[in-house]
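User: I am new to reading protein models. Please take me through one part closely, and then show me what surrounds that part.

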Amino acid sequence: GGMTKIGIFGTSGFAREVGDIALALGFEPIYVAGDQLDADCLNSDEDVVLEREIHHLGAAGFAIGIGDNLVRRRVAEKYSSQLRFVNLIHPSATFGSGQIRAIDGKVGVTVCSGVRLTNNIKVGSFTIFNLNTTVGHDSIIEDFVNISPGANISGNTHIETGCWIGTGATINQGDPNQKMRIGCDTMIGSGSVVVKPCESGATYVGIPAKRIK
C-alpha cells in the first residue's frame, strides 16, 4: 500500500492493539516476529516480517508491542542505536497543558485509546499507558513502565523504572514535597489500592496494598 509503514515488534494480542493505534494514526503496521513460530501467532491477513529482515522494511519508525517490561527493554537496548523508535499516541487520548511536548522528547511511548494525562507529568521512554488509564498532575513515570487498562494514578506520584501497575489498580496521591513512590521493578496487582510508598523489586496486592513478595 501507499501508507507509511510502522514496524511493530511482537506478535501477541497486545502487538495487534498497538497496530490499531498505528492504523488510527494513518500508518500501516508491519509486525516483527522473532522467528517463524512467533509469526504464525498472527492472522494470515496481517503483514509480518522476521526480525532479521527489518532493515529491508523501509519503515518510517518502530514501536514495541510487547507488554513484558524486561522483554521490551531487551528489544529497545538491542535496536536503539539502529532503528528509529517512535511514540504512538491514540487520537482519543487527552492531555493537559504542555503535556504532549513532555512526551515528544521521549521514544517508544505507547498511549492507548481513552488515556487521560493531565499536566506537568514526566514520562519515560518505552512506557505503556494502556486503555483508559489516568495519570494526575506532577507525577513522574519512568522508563519501561507498564500501566495496565483502567489504572488510576493520582497526582504527585513517582513510578520508577520497570514497574507494572495492574489492571484497575489505584495509586493514591502523594505530596508536593514527597511524592507517592513505587520503587523500580515493582508489581502492583490488579485492583489494588496503594496508600503508602512501595519498595523496589516487590509485589503488592490488595486493599490497601500489602507486600506479598
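Which residue in β18 stands opposite Ile-159?

Analyst: Ile-182 in β18 stands opposite Ile-159. A caution before we go on: this is a predicted model, where local features need pLDDT of at least 70 and side-chain atom pairs count only at pLDDT 80 or more, while totals for chains, interfaces and linings use all residues. Residues are numbered from 1 along each chain as its sequence is written, and side-chain values use heavy atoms, leaving out hydrogens and water.

Start with the strands. Strands are DSSP runs of E with at least two residues, helices are runs of H or I with at least four, and both are numbered from the N terminus. Strand β15 covers residues 157-159 and runs parallel to β18, joined to β18 by three bridges. Two strands count as paired if DSSP finds at least two bridges between them. Both belong to an open, parallel sheet of four strands, in the order β9-β12-β15-β18. Its edges are β9 (122-123) and β18 (180-182), each pairing on one side only.

Just before β15 comes a loop, running from β14 (152-153), and it holds Asn-156. Asn-156 has a positive phi, near 55 degrees, and is not a glycine. Is Asn-156 buried or exposed? Its relative accessibility is 6%, so Asn-156 counts as buried. (Buried means under 20% relative accessible area, exposed over 50%, partly exposed in between, with a 1.4 Å probe and protein chains only.) After the edge strand β9, the loop to β10 (128-129) holds Phe-126. Phe-126 also has a positive phi without being a glycine, at about 60 degrees. Phe-126 is buried, at 5% relative accessibility.

Now look at who touches Ile-159. One partner is Ile-165, whose contacts beyond four places in sequence are Asn-146, Ile-147, Ser-148, Ala-151, Ile-159, Ile-171, Ile-182 and Ile-188. Contact means heavy atoms within 4.5 Å. The facing pair, Ile-159 and Ile-182, thus appears in full on the contact list of Ile-165.

Ile-165 matters for the next step. The largest nonpolar core has 29 residues, and Phe-129 and Ile-165 touch the most other members. A nonpolar core is a set of buried Ala, Val, Leu, Ile, Met, Phe, Trp, Tyr and Cys residues joined through side-chain atoms within 4.5 Å. In soluble globular proteins, nonpolar side chains tend to be buried together. Apart from the largest core lies another, of 16 residues, among them Ile-30, Val-49, Leu-57 and Phe-62.

Follow Ile-30 to strand β2. All six residues of β2 (28-33) are buried. Glu-28, Ile-30 and Val-32 point one way, and Pro-29, Tyr-31 and Ala-33 point the other. Strand β1 (residues 5-9) runs parallel to β2, joined by five bridges. Here Ile-8 stands opposite Tyr-31.

Glu-51 links back to this strand. Glu-51 sits in the loop between β3 (48-50) and β4 (61-64). Beyond four places in sequence, Glu-51 touches Val-32 and Ala-33, as well as Phe-9, Gly-34, Lys-78 and Tyr-79. Glu-51 has a relative accessible area of 19%, so Glu-51 is buried.

One last stop lies in the loop between β21 (203-205) and β22 (210-211), where Pro-208 is found. A cis peptide bond joins Ile-207 to Pro-208, with omega about -10 degrees.
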